[in-house]
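Hi everyone, thanks for coming. Please bring up the sequence and the model on your screens, and we'll walk through them together.

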Number of protein chains: 2
Amino acid sequence: MNFRLQSTDPRSAARTGILSTGHGDIPTPVFMPVGTRASVKSVEPHELLEQEAHIILTNTYHLYLKPGNHIIRKAGGVHPFMDWHGPLLTDSGGYQVYSLSELRRISEEGVTFKSHLDGSMLQFTPENVVDTQRIIGSDIMMPLDECPSSKADREYIRKSGELTIRWAERARRHFSATAPLYHHPQMLFGITQGGTHSDLRALSAKALVDLDFDGYATGGMAVGEPAEEMYRILELSHTLLPEHKPRYLMGVGTPENILNAIERGIDMFDCVIPTREGRNGRVYTRKGKMNLRSAKYAEDFSPVDEGFGNHVCKHYSRAYIRHLLNVGEILGLKLCTLQNISFFMWLTRTARQRIEEGSFLEWKAGFLEEFNRGEA
Amino acid sequence: MNFRLQSTDPRSAARTGILSTGHGDIPTPVFMPVGTRASVKSVEPHELLEQEAHIILTNTYHLYLKPGNHIIRKAGGVHPFMDWHGPLLTDSGGYQVYSLSELRRISEEGVTFKSHLDGSMLQFTPENVVDTQRIIGSDIMMPLDECPSSKADREYIRKSGELTIRWAERARRHFSATAPLYHHPQMLFGITQGGTHSDLRALSAKALVDLDFDGYATGGMAVGEPAEEMYRILELSHTLLPEHKPRYLMGVGTPENILNAIERGIDMFDCVIPTREGRNGRVYTRKGKMNLRSAKYAEDFSPVDEGFGNHVCKHYSRAYIRHLLNVGEILGLKLCTLQNISFFMWLTRTARQRIEEGSFLEWKAGFLEEFNRGEA
């Protein structure tokens, strides 16, 4: 058993657990910083550890294109390649094929697409995506899925969901028929699809549960639908997914989305918000978001989040970071990114503590009130 | 006495010493990384300490424009502003006025120029440049000088050198008439000018020595003249400058320039090479320069400099850094910068050790042979 449930909130579906991998244990709920191209932008692995990051995510699509499987295989996988020795999750690349590449053509076999880098024609299949993730050596692999647009009609989503199930079956079979290339075990999660249609989500969840994955992701969310629709799907999924397997909400999200999803039983999250917004000078604090590019911080020598106690708040002032951003110094982007990673790690770590103490819902309400009233 | 001479090379003018400041002792010879806008580009202060940087340089001109004296004064100086608690040297801004600003007009009073940022008209005088450096709180201040082009004729250089001496006198007087704003002492160095004209350099050096500065810089070098001309001026300066004061060669330079200048009695160096070339993927190793953007390192999993033992070489491979540069990840620039800072700190630290051991010239010859034969 890779996942051990530790405590559950008596008044919601929130829960804590430990997900064990060949690179260490992950306390859940957990937020996973995104390191698309084998680098969490501007930050070194030892700095991620200092922010108490337990697991990071890299993107199969990007790594497949550059540096490519050949180089990653020679490196002995992404862990030694990037010097990250903690747990690593890779997405399947499916989402990136739909969002980044051109001329994609989906068939029963897989998806053919034009590389957004050099225009070459490439194909992802459920099998070769598992092979690539064997080469990457991620602790947690995701199977190829199709992620339909939130504007797709019910019929498209139904057919797409069925294809994703057949692909999941092939991925599951190929995963069982192949072995890790390095000296650590790998897990394979399933990804439910079905848009915001309860019956299609239920079909998807049931089929995937029958295939017995190591964990279950909810895919195709936060693609434009109202948050309430997403919460409804999470509540439904909660009744369908096995209690003793980890649950991952892909690509989510804001602090509010994350806490509402934790309340609905989600254990794992990833999102580009901390890194992407950090690069734009937007920082997250317990009292709300701030745009540190603003001139109003030019003479504000207080820390980004007074009393937060992380590296950035202990060493630098708002005025200094604002100066760095104002004159285009790279260090400004890096410090904002570090602050945001600290914040998101704090968010899920604190949620975990509050669930264990039985005060999750009260804490969540109080935190969100203060956060939303904040300085943004 | 701020400077204590420790050992001298019996076969050259090379020497070691300790320069004491209110923020700590600096073993010399020493290389000073450049942090133009109160940030050594892409690197945090604690990382500079980890590379054994003893002192850094920031630019008066840039800080005067942004964030400006008002904000730096409110911050309590640049040390707390940027969280650097080691020794800090500031140039006078004179060189930047000549190289960056437009419409500069030099008069007896000072230099009037148009800001390269917003076009406003500003004036630097020997007195207000001292005042600005009082506000910055640098441990070592430089007086306003004029740095003529290497193409200037002898008559221009003569007149300019005389003006620089009169400005130095005013700076010295203003320095004595004012006090530090914070709780640490400040020093003021003199800057010799005179181009490559021995008699003008001698006049400049003698006049400055009479003014009794805390140390002496050779300015206006490495501006296009042949290296041999620079070495000749350093040899001349050696005979004119007091033995028990530190000597600083401004804006120099390559490893070869630095070692040849150490041989001629120079104690301090600053240069943008490690940071600027690092941002372009060029790294310095004991075996020569390398351009890590090159595809030839795509599958080279060895460290940048095998056995060098610094942070970058302990944790990352050439192939990984090449990948980061190849996909435009900020971390690539940062790792190259860190490598280069490590290298330049190693260079002057090793020179110091070899001078103390009495083997400086042999080591220098062997090192340069290997370095120049290298991978560049």
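I'll start with how the two chains meet, then turn to some strands, and finish with one serine.

A word on the ground rules: this is a predicted model, where local features need pLDDT of at least 70, side-chain atom pairs count only at pLDDT 80 or more, and totals for chains, interfaces and linings use all residues. Residues are numbered from 1 along each chain as its sequence is written, chains are lettered from A and ligands numbered from 1 in the order in which they are written, and side-chain values use heavy atoms, with hydrogens and water left out.

So, how many residues does each chain bring to the contact? Chain B gives 39 residues and chain A gives 39 residues, where contact means heavy atoms within 4.5 Å. Together the two chains bury about 3500 Å², with 56% of it on carbon and sulfur atoms. Buried area here is the accessible area (1.4 Å probe) that two parts lose on being put together, summed over both.

Eight salt bridges are found across this interface; the rule asks for a side-chain nitrogen of Lys or Arg within 4 Å of a carboxyl oxygen of Asp or Glu. Have a look at Glu329(B) and Lys41(A), whose side chains form a salt bridge at 2.7 Å, N to O. Several elements of chain B give two or more residues to the side that touches chain A, including α1 (45-50), α13 (318-326) and α14 (330-357). The largest share, six residues, comes from α14(B). Helices (H or I, at least four residues) and strands (E, at least two) are DSSP runs, numbered from the N terminus.

Now to the strands. In chain B, β7 (residues 102-106) and β8 (residues 111-114) run antiparallel and are joined by three bridges; strands pair if DSSP finds at least two bridges between them. They form a hairpin with four residues between them. β8(B) also pairs with β9 (residues 121-124) of chain B, antiparallel, over four bridges. Follow Thr112(B): Arg105(B) stands opposite this threonine, and Gln123(B) is its bridge partner in β9(B). The β8(B)–β9(B) hairpin has six residues between the strands, and Gly119(B) in the turn has a positive phi of about 75°.

Last stop: is Ser204(B), in helix α8 (residues 198-211) of chain B, buried or exposed? Ser204(B) is buried, because its relative accessible area is 3%, and buried means under 20% (exposed is over 50%, partly exposed in between; 1.4 Å probe, protein chains only). Leaving aside neighbours within four places in sequence, Ser204(B) is in contact with Ile165(B), Ile191(B), Thr192(B) and Gln193(B).
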